[in-house]
Amino acid sequence: MRVPNSVVLPVGTHVDCCREEEVEEKRRDIMAKITAMLMERKSNLAHFINNLEGSEEPEFYMDQWERLKEMENCTLTILNLVAVNCTDHRDIKKLEATILEHVKNEELFPEVVRVLPPVYRQVEAAIIDIAQSEETADHGMMDLQYLLSKLSRYKHLANLGRELLQDILRYLHRIGLVVWYEEIKHLESTVFLQPTFLITMFKLLVRYRLVQQLESIS
């Protein structure tokens, strides 16, 4: 909801635990809840914006107003939910085919036709090579400058500059190959070459009903 022009594909799992008519009923219910959630978000943003505009000294809230207007202009496209049985390989292939079909849709993803310079592919291949190397720790965390020095050892990347690397990292972050939080001051110099490590770590820290679990401890 905070990323401009987001496209979201809801995926419902555990189809094997439901009767056929239940699957369709749950699909309709989930899509209805998503629609209601988006309408509530739009209404809340408009309410907050109106409150700031109607305040006695609106100039003091200009930063907040600009952020809210930015969020109001973020379009969010919700695709039809795909229901899958994760124990059935055919359903996984069906999901894969659906994702690829949507990704190739130029109306949803106008940048899909953009041709990237060959150096992007070369850096991507080199980063995969570094991430899989025995020298790289399992957590895959690496200092940005150190990563640049590692990449520069590849003959065809000897002249790779920091600015170009940062551009490429933004692209690789968007496609999910690496994670780079350049907007967070304490993390801007760290590149995560193994996003799955972060996912595992977050699963340990961010858990369902975590607050209730902590509150239940005397």
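Helices here are DSSP runs of H or I with at least four residues, strands are runs of E with at least two, and both are numbered from the N terminus. With that in hand, let's walk through this structure, which is a predicted model.

## The second largest pocket

Which element gives the most to the lining of the second largest pocket? It is H1, with four residues. The pocket itself holds about 200 Å³ of space, and strand S2 (11-12) joins helix H1 (20-53) as the elements that each supply two or more residues to its lining. In total, 13 residues line this pocket. Those nearest its centre are Gly12, Thr13, Lys26, Ile30 and Leu81. If you are thinking about the chemical character of the lining, the split by class is eight nonpolar, three polar and two charged residues.

## Two domains

Stepping back to the whole chain, the domain assignment gives domain 1 as residues 7-104 and domain 2 as residues 118-201. The centres of the two domains, taken over C-alpha atoms, are 30 Å apart.

## Three buried residues

Three residues are worth a visit, and the table puts their places and accessibilities side by side.

| Residue | Where it sits | Relative accessible area |
|---|---|---|
| Asp88 | loop between strand S4 (82-83) and helix H3 (89-103) | 19% |
| Leu148 | helix H5 (residues 144-152) | 9% |
| Thr190 | strand S6 (residues 190-192) | 16% |

Why does Asp88 count as buried? Buried means under 20% relative accessible area, and Asp88 is placed in that class because its value is 19%. Its side chain also has a backbone partner: the side chain of Asp88 reaches the backbone nitrogen of Arg90 at 2.9 Å.

Leu148 is buried as well, because its relative accessible area is 9%. Which residues does Leu148 touch, once those up to four places away in sequence are set aside? They are Leu160, Gly161, Arg162 and Leu165. For one of these partners there is a backbone distance too: the C-alpha atoms of Leu148 and Arg162 are separated by 6.9 Å, with the two residues 14 apart along the chain.

Thr190, in strand S6, is likewise counted as buried, because its relative accessibility is 16%. Leaving out neighbours within four places in sequence, Thr190 is in contact with two methionines, Met141 and Met142, and with Val179 and Trp180.

Technical notes. Residues numbered from 1 in each chain as written. Predicted model: local features only at pLDDT ≥ 70, side-chain atom pairs only at ≥ 80, totals over all residues. Heavy atoms only, no water. 1 Å grid on protein atoms, 1.4 Å probe; cavity = no way out; pocket = protein on both sides within 12 Å on 5 of 7 lines; lining within 4 Å. Points joined across faces, edges and corners; volume = space filled by probe spheres on them. Nonpolar A, V, L, I, M, F, W, Y, C, P; charged D, E, K, R; others polar. Domains from an automatic or database assignment. Buried < 20%, exposed > 50% of the residue type's maximum accessible area, 1.4 Å probe, protein only. Polar contact = N/O pair within 3.5 Å; in protein donor to acceptor, adjacent residues only side chain to side chain. Contact = heavy atoms within 4.5 Å.
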